[in-house]
Amino acid sequence: MPSPTGLVIRSAEDADWPAMVLLAATCFGSFRPREANDMWRTLMPADGVVIACDGDDVVGMAYYLDLRLTVPGGAVLPMAGVSWVCVAPTHRRRGVLREMFGELHRRMALSDYPIAGLEASEGGIYSRFGYGQASVVESLSVDRRGVEFLDEVPDRGGVRIVTPVEHRDRIEEIYERWRLRTPGGLFTPRQMWDQVFGDREEYRRGGGPLMALLHDDGFAMYRIHGDSERKTVAITKLAAVTVDAYVALWRALLGMDLMDTVTIEAPPRELLPYLLTDARRVRLTDREDGLWLRMLDVPAVLEARTYAADATFALDVSDGPLDGGGRFACEIRDGRARCVPTDAEPDVGLTLSVLGSLYLGEHRASALAAANRLRCNDSAVIATLDAAFATDVPAELGFGF
Ligand SMILES: CC(C)(COP(=O)(O)OP(=O)(O)OC[C@H]1O[C@@H](n2cnc3c(N)ncnc32)[C@H](O)[C@@H]1OP(=O)(O)O)[C@@H](O)C(=O)NCCC(=O)NCCS
């Protein structure tokens with residue numbers, strides 16, 4: 001079939017990588033260190049990298065990583081993690097991304113990935129491709145001078161100051177427990193941990209060396225930013241699998257007398273403001289989408305998670321240029337769903353993107369219905385969807401990719 005853009009769309013070969021690195025640096029505004037590229041390449045399946053060529057020039061690229069995604073209830077799905085999507089400024093807005101995505105998603109389907117995920121550089125690009133915002137990231141900044149915990153908050157201790165690389169096994173083991181209970185959690189392969197604990201200067205973003213606080217059921221890794229006048233503790237990862245661990249780690253973080261601010265990127269519904277005498281100390285400085293999800297096999301993905309209420313409904317799921325979706329009858333009993341293709345009249349009409357937003361429980365059907373993005377004439381069905389898709393543990397992406 002002739003290419004709609006007149007370009008050659010093909011798999012990348014080793015010899016293409018220098019041109020791809022240059023294209024990425026042009027599009028994203030910075031060079032990624034060679035070691036990082038080598039590390040990410042170990043996670044790409046053989047046919048997972050697509051490039052667009054204009055003669056000898058690489059003018060577009062996109063790849064996917066072989067990842068493992070935790071869904072509500074703890075099941076783990078193979079996920080095609082899309083990244084490094086870029087099109088040269090000389091070739092933009094003439095359908096190159098659309099054509100590359102067609103090819104990339106054909107390959108994912110052939111490899112039987114039930115779901116694809118990505119993080120978006122801009123919020124307006126990916127809904128049209130059936131991706132929905134599935135997790136939310138809030139940037140919090142805690143003004144820690146004079147901060148006090150409420151008397152009724154337990155103070156059980158149990159936190160040690162450690163050198164991260166010397167406690168790598170413990171940190172990995174706790175992360176493993178955390179990611180299996182957290183929707184959006186990702187299995188972290190050894191080579192990624194090597195990069196974390198390698199703590200190279202170029203990944204520090206102006207901060208100091210990686211530091212860590214360790215509890216039996218949680219850890220916080222962080223860097224100190226700033227100068228002698230003003231110092232910030234920037235948490236790079238806090239994972240706690242018990243409330244005790246969460247509270248103890250925050251007590252230690254906010255107990256660093258000479259630090260001014262502690263920052264973290266966290267999912268909504270954070271517990272911290274409830275622990276303090278003055279909840280205003282925890283300021284929300286930014287809020288963004290985190291993980292975006294596109295279901296490639298709708299019944300398999302809906303059946304993989306658990307649900308918080310019984311429900312019966314038929315969905316009419318529409319899609320854009322990648323042509324997925326369909327009609328599905330779903331029956332949820334005792335926390336598990338059975339979903340099959342159907343010809344029955346649907347109760348609910350929505351896009352694949354909106355279904356992706358519902359999936360990890362972070363966005364409610366009623367809000368999407370109020371915005372007319374989910375169409376349903378029966379308010380009882382909407383209330384049932386709200387109840388069924390609700391989750392106890394907020395969705396949080398395991399790591400950026
Ligand atoms: C984003 C980018 C990949 C788009 O590539 P492109 O080849 O220009 O996109 P296409 O021409 O195939 O556009 C496909 C559709 O997406 C829309 N679109 C493309 N870029 C968009 C953007 N930044 N914001 C909103 N919509 C966008 C197009 O308008 C088009 O819409 P349509 O379906 O209504 O016609 C390219 O601009 C780029 O490389 N940007 C810088 C790097 C980047 O942000 N990459 C994404 C990383 S997650």
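**Entry 1: the second largest pocket**

I began with the lining of the second largest pocket and found that helix 3 gives the largest share, seven residues. I note here that the model is predicted. Next I looked up the extent of the lining: 24 residues border this pocket. Nearest its centre I listed Gly102, Glu103, His105, Arg106 and Leu322. The volume came out at about 520 Å³.

I then asked which elements supply at least two residues each to this lining. Helix 3 is one of them, and strand 14 (291–295) is another. On the domain level, I saw that domain 1 (8–113) and domain 3 (296–389) each give the lining at least three residues. I sorted the lining by class as well: twelve residues are nonpolar, eight are charged and four are polar.

**Entry 2: the ligand shell**

I turned to the ligand and counted 18 residues around it. Val85, Val87, Arg93, Arg98 and Ser121 come nearest. Helix 3 (96–110) turned up again, since I found that this helix and strand 4 (76–87) each supply at least two residues of the shell. By class I noted eight nonpolar, seven charged and three polar residues in the shell.

**Entry 3: polar atoms at the ligand**

Which ligand atom does the backbone of Val85 approach? I found a nitrogen atom of the ligand 2.7 Å from a backbone N or O atom of Val85. For Leu97, I noted a backbone N or O atom 3.0 Å from an oxygen atom of the ligand. With Arg128 the side chain takes part: one of its N or O atoms is 3.1 Å from an oxygen atom of the ligand.

Last, I checked how much of the ligand is covered. Taken alone, the ligand exposes 900 Å², and the protein buries 76% of that.

How values were computed
Residues numbered from 1 in each chain as written. Predicted model: local features only at pLDDT ≥ 70, side-chain atom pairs only at ≥ 80, totals over all residues. Heavy atoms only, no water. Near = heavy atom within 4 Å. Polar contact = N/O pair within 3.5 Å; in protein donor to acceptor, adjacent residues only side chain to side chain. Areas by Shrake-Rupley, 256 points an atom, 1.4 Å probe, with all protein chains shown as cover. Helix = DSSP H or I, 4+ residues; strand = E, 2+ residues; numbered from the N terminus. Nonpolar A, V, L, I, M, F, W, Y, C, P; charged D, E, K, R; others polar. 1 Å grid on protein atoms, 1.4 Å probe; cavity = no way out; pocket = protein on both sides within 12 Å on 5 of 7 lines; lining within 4 Å. Points joined across faces, edges and corners; volume = space filled by probe spheres on them. Domains from an automatic or database assignment.
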